[in-house]
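These are my notebook entries on a single chain. I began with the packing of its helices and then turned to individual residues.

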Amino acid sequence: MATIGSKMAFANVNQQARTQGGDEISPSASITQTTEGGVIIKRVFDAPPELVFKAWSEPQLVAQWFGPCEVNMSVRELDVRPGGALRMEGQCGAGSNVRIEGKYREVEEPDWIVYADACFVGDALICETLATVTFHEHEGKTRLTIHCEPILGFDSFAQRRWAEGWGESLDRLANCLANALHAGIGLAAESFVTVTHS
């Protein structure tokens, strides 16, 4: 479990992540490991921040892209507001059940989302992390930054799998956004929704 000091350090790091848009980057993902043991991944999407934020906050859209290619994730609960719950389940290619459970800490539409989550494979807790996701507008596009800091169990293997999994997820997100733009999905729809599946 994280100490008070470590939680304060996480807060400082994530405050910097929210306020800094970062350098110009290519549409492909840029991945950096931090000295604190975390990972930063950046990517530019050819869509406005409002739509990219919507793809992170509406269950029907999240289900289309979240998770690496070998895991078919289902959104069980997505309450995108401070204190709201995040719960997803799926099965990996090896047949093991994968479960993600977490809480949203900060939500500022369409600028940033901060959440803490835990990943389980079967009954085993693999890792717990604190993630800050920022959406910066740049010439009509969105510079997305995910800054993931460790709380528990985020070793070098978990770092590598996290980065690989997010790279695959963001490829799927790019396709999801392209399909949404092609279909003319409106941006004014309510983003803060709660969906729970039995």
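**Entry 1. Helix pair.** I looked up how helix H2 (residues 49–57) lies against helix H4 (residues 156–183): their axes come within 11 Å and cross at roughly 120°. Axes here are lines fitted to C-alpha atoms, for helices over the stretch in contact, and angles run from 0 to 180 degrees between N-to-C directions. Helices (H or I, at least four residues) and strands (E, at least two) are DSSP runs, numbered from the N terminus. I recorded the crossing of H2 past H4 as right-handed; the near helix is then turned clockwise from the far one by less than a right angle, whereas anticlockwise would be left-handed.

The model is predicted: local features need pLDDT of at least 70 and side-chain atom pairs count only at pLDDT 80 or more, while totals for chains, interfaces and linings use all residues. Residues are numbered from 1 along each chain as its sequence is written, and side-chain values use heavy atoms, with hydrogens and water left out.

I then listed the residues that meet. From H2 these are Leu 51, Val 52, Ala 55 and Trp 56, and from H4 they are Trp 166, Leu 173, Leu 177, Ala 180 and Leu 181. Contact means heavy atoms within 4.5 Å. The residues of this contact comprise nine nonpolar, no polar and no charged. In this scheme Ala, Val, Leu, Ile, Met, Phe, Trp, Tyr, Cys and Pro count as nonpolar, Asp, Glu, Lys and Arg as charged, and the others, Gly among them, as polar.

**Entry 2. Burial of H2 and the core.** How many of the nine residues of H2 are buried? I found eight, and H2 is mostly covered. Buried means under 20% relative accessible area, exposed over 50%, and partly exposed in between (1.4 Å probe, protein chains only). The buried residues of H2 include Lys 54 and Ser 57.

The largest nonpolar core has 43 residues, and Trp 56 and Trp 166 have the most contacts inside it. H4 gives the most to this core, with nine residues. A nonpolar core is a set of buried Ala, Val, Leu, Ile, Met, Phe, Trp, Tyr and Cys residues joined through side-chain atoms within 4.5 Å. Leaving aside neighbours within four places in sequence, I noted among the contacts of Trp 56 Val 62, Trp 65, Ile 113, Phe 135, Trp 166 and Leu 173.

**Entry 3. Whole chain.** I counted four helices and eight strands, which run α-β-β-α-α-β-β-β-β-β-β-α from the N terminus on. Buried residues make up 45% of the 198 residues. Among contacts between residues at least 6 apart in sequence, 54% join residues at least 24 apart.

**Entry 4. Two threonines.** Thr 142 lies in strand E8 and counts as buried because its relative accessible area is 0%. Its side chain reaches the backbone oxygen of Ala 47 at 2.6 Å. Beyond neighbours within four places in sequence, Thr 142 is in contact with residues including Pro 49, Val 52 and Phe 135.

Thr 34 is found in the loop between strand E1 (30–33) and strand E2 (39–45). Its relative accessibility is 16%, so Thr 34 also counts as buried. The side chain of Thr 34 reaches the backbone nitrogen of Gly 38 at 2.8 Å. With neighbours within four places left aside, Thr 34 is in contact with Val 39, Ile 40, His 147 and Glu 149.

**Entry 5. Loops.** Is Val 71 buried or exposed? I found Val 71 in the loop between helix H3 (59–65) and strand E3 (72–78), and it is buried because its relative accessible area is 6%. The C-alpha atoms of Val 71 and Glu 89 are separated by 9.3 Å, with their positions 18 residues apart along the chain. Outside its neighbours within four places, Val 71 is in contact with Gly 90, Gln 91, Cys 92, Val 98 and Arg 172.

I also checked the backbone. The peptide bond from Glu 109 to Pro 110 is cis, with omega near -5°; Pro 110 is in the loop between strand E5 (97–108) and strand E6 (112–121). Glu 139, in the loop between strand E7 (124–138) and strand E8 (141–152), has a phi near 55°, a positive value in a residue other than glycine. Glu 139 counts as exposed because its relative accessibility is 69%.

Terms used. A polar contact is a pair of N or O atoms within 3.5 Å; within protein, one must be able to donate a hydrogen and the other to accept it, and residues adjacent in sequence count only if both atoms are side-chain atoms.
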